[in-house]
Amino acid sequence: MRAALLLACLAPLAALAAEPGYVRVPAGQFATVLAYEDAPGPRRIDAFEMMARPVSNADFQAFVRSHPQWRRDRVSPLLAGHGYLEHWATRDKPASGAQAGQPVTHVSWFAASAYCSAQGARLPRWIEWEYAAAADERRRDARRDPAWRERILAWYAEPATRPLPASGAGAPNAYGLRDLHGVVWEWTDDHASLLVSADNRDQGDPDKARFCGAGALSVADREQYAVLMRVALLSSLEAADSTSLLGFRCVKDVR
Amino acid sequence: MNALHRLFCLLALAPAMAVAAAGTPPDSIFRVDPPMTDARMQHFALEDRRGHPQIVSMFYTSCAFTCPMLIDAIKGVRAELDPGERARLSITLVTLDPARDTPAKLARTAHERDLDPPAWTLAAPAARDVRLLAGLLGIRYRALADGDFNHTTALILLDAEGRIVARTERVGGRPDPAFVAAVRRALQ
């Protein structure tokens, strides 16, 4: 009943814009570059399905039209702070056809979560995002390759003023996922759990009074700067924040 | 899609979205307000405390170190108030661990720590709404491998209309005087 209801509700969305397709990411063992005291070493990642490309402005437009409580003129400031969808021409329309195809940015974590929830999906956990993004075009884990690391880092050196490419324009990685690197930052469901100070020097002295329990976090692999920059950015954000380079994609659990 | 169908879909797809009363300020938590279950197995929402200020925090009952301090800190703030003020201030403790913090478990903690209604409410949101609530309250947490949680320990003051008006992360020693002053102001 509920599934049928969801389908009936989602059908009108499909008419407005084709939702990005999902790609299966198989289960595997994976060592995050973050060092968790409570869970050292590689861990098993369950299989999941991930959107093949970031959610575009057109995709998000369809969502906003069917869920007007997420329009910039209606949304609670608690759920989307200053700057939410400010790049659009109107409250429910991107500024141009070109912008419609670009990854949506200026979206808060609450808005991204609500979008995924409406698709019967969710935001990826950090570990899932990192696992999927460790792949290059041929290998599922390219992180040991200095050339690949350099390629990713090069993006961070580019000025942020250049227009975004269309979502999905990048080459697919070994799973068939596009644009995990080189286009936008992406929200994760647990961005607020990364608990990494933006300044890595603080990590030797976690503030025990502010946080309950152990589980201090540090960095296991200092060579993975590009990934660490993402962690620093994500952990510095509040859930209502949005930025001009922060978008998202959704994942679904595999049953 | 007709208007009725649209409304129906809105409700079906957004279970966490409360339908706030008219006149609720745009920045009120009551506009979002995920449904919870309290220690008496009753439905509970933050909006149930509308009309009175409340201190809200997130915790979990099996927490051995900081959460008892958190409760002591809230008791410390209450002790600074006169009886009339104390009677008008509600306390809402929301668990980060709804899987293990059943109503019975919440009730046991309430009993052991003398967290009696009507002043105190211990409540559990649906698992899918924990991050939403934590995001609204600016509380960061991570579930650890051993079942503990690493989380921000903070007292958040909501005014009678559900707006966040003060916050403190001071939980050891004397109550934060700025926070106590904010509580007094909200109670006036």
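**Loops, a helix pair and a small sheet**

Asp179 of chain A is found in the loop between helix 6 and strand 6, residues 185-186, of chain A, and I should say at once that we are looking at a predicted model. What makes me stop at Asp179(A) is that its phi is near 65 degrees, a positive value in a residue other than glycine. Is Asp179(A) buried or exposed? With 24 other C-beta atoms within 10 Å, Asp179(A) is buried, because 20 or more such atoms is the cut-off for that word.

There is another residue of this kind in chain A, namely Leu85(A), which is not a glycine and yet has a positive phi of about 55 degrees. Leu85(A) lies in the loop that runs between helix 2, residues 57-66, and helix 3, residues 97-101, of chain A. By the count of its surroundings, Leu85(A) is buried, since 27 other C-beta atoms lie within 10 Å.

Let me go back to helix 6, which precedes the loop holding Asp179(A), and ask how it sits against helix 7. Helix 6, residues 146-157, and helix 7, residues 225-236, both of chain A, pack at an angle of about 40 degrees, and their axes are 9 Å apart. The two helices are therefore oblique to each other. On the helix 6 side the contact is made by Arg149(A), Ile152(A), Leu153(A) and Tyr156(A), while helix 7 brings Tyr225(A), Ala226(A) and Met229(A). If we sort the residues of this contact by character, we get 6 nonpolar, no polar and 1 charged.

Now to a sheet in chain A. Here 3 strands form an open sheet in the order 1-5-10, and the pairing is antiparallel. The edge strands are strand 1, residues 22-25, and strand 10, residues 251-253, each of which pairs on one side only. Ignoring direction, neighbouring strands of this sheet are turned by 25 degrees against each other on average. Looking at one pairing in detail, strand 1 and strand 5, residues 48-51, of chain A run in the antiparallel sense over 4 bridges. Which residue of strand 5 stands opposite Tyr22(A)? It is Met51(A) that stands opposite Tyr22(A).

Finally, a detail from chain B, where the backbone has a cis peptide bond, from Pro117(B) to Pro118(B), with omega near 5 degrees. As for where this falls in the chain, Pro118(B) lies in the loop between helix 4, residues 103-112, and strand 5, residues 120-125, of chain B.

Conventions
Residues numbered from 1 in each chain as written. Chains lettered and ligands numbered in written order. Predicted model: local features only at pLDDT ≥ 70, side-chain atom pairs only at ≥ 80, totals over all residues. Axes fitted to C-alpha atoms, helices over the stretch in contact; angles between N-to-C directions. Parallel < 35°, antiparallel > 145°, perpendicular 65-115°, else oblique. Contact = placed C-beta atoms within 7 Å. Nonpolar A, V, L, I, M, F, W, Y, C, P; charged D, E, K, R; others polar. Pairing = 2+ DSSP bridges. Buried ≥ 20, exposed ≤ 12 C-beta atoms within 10 Å, placed from the backbone.
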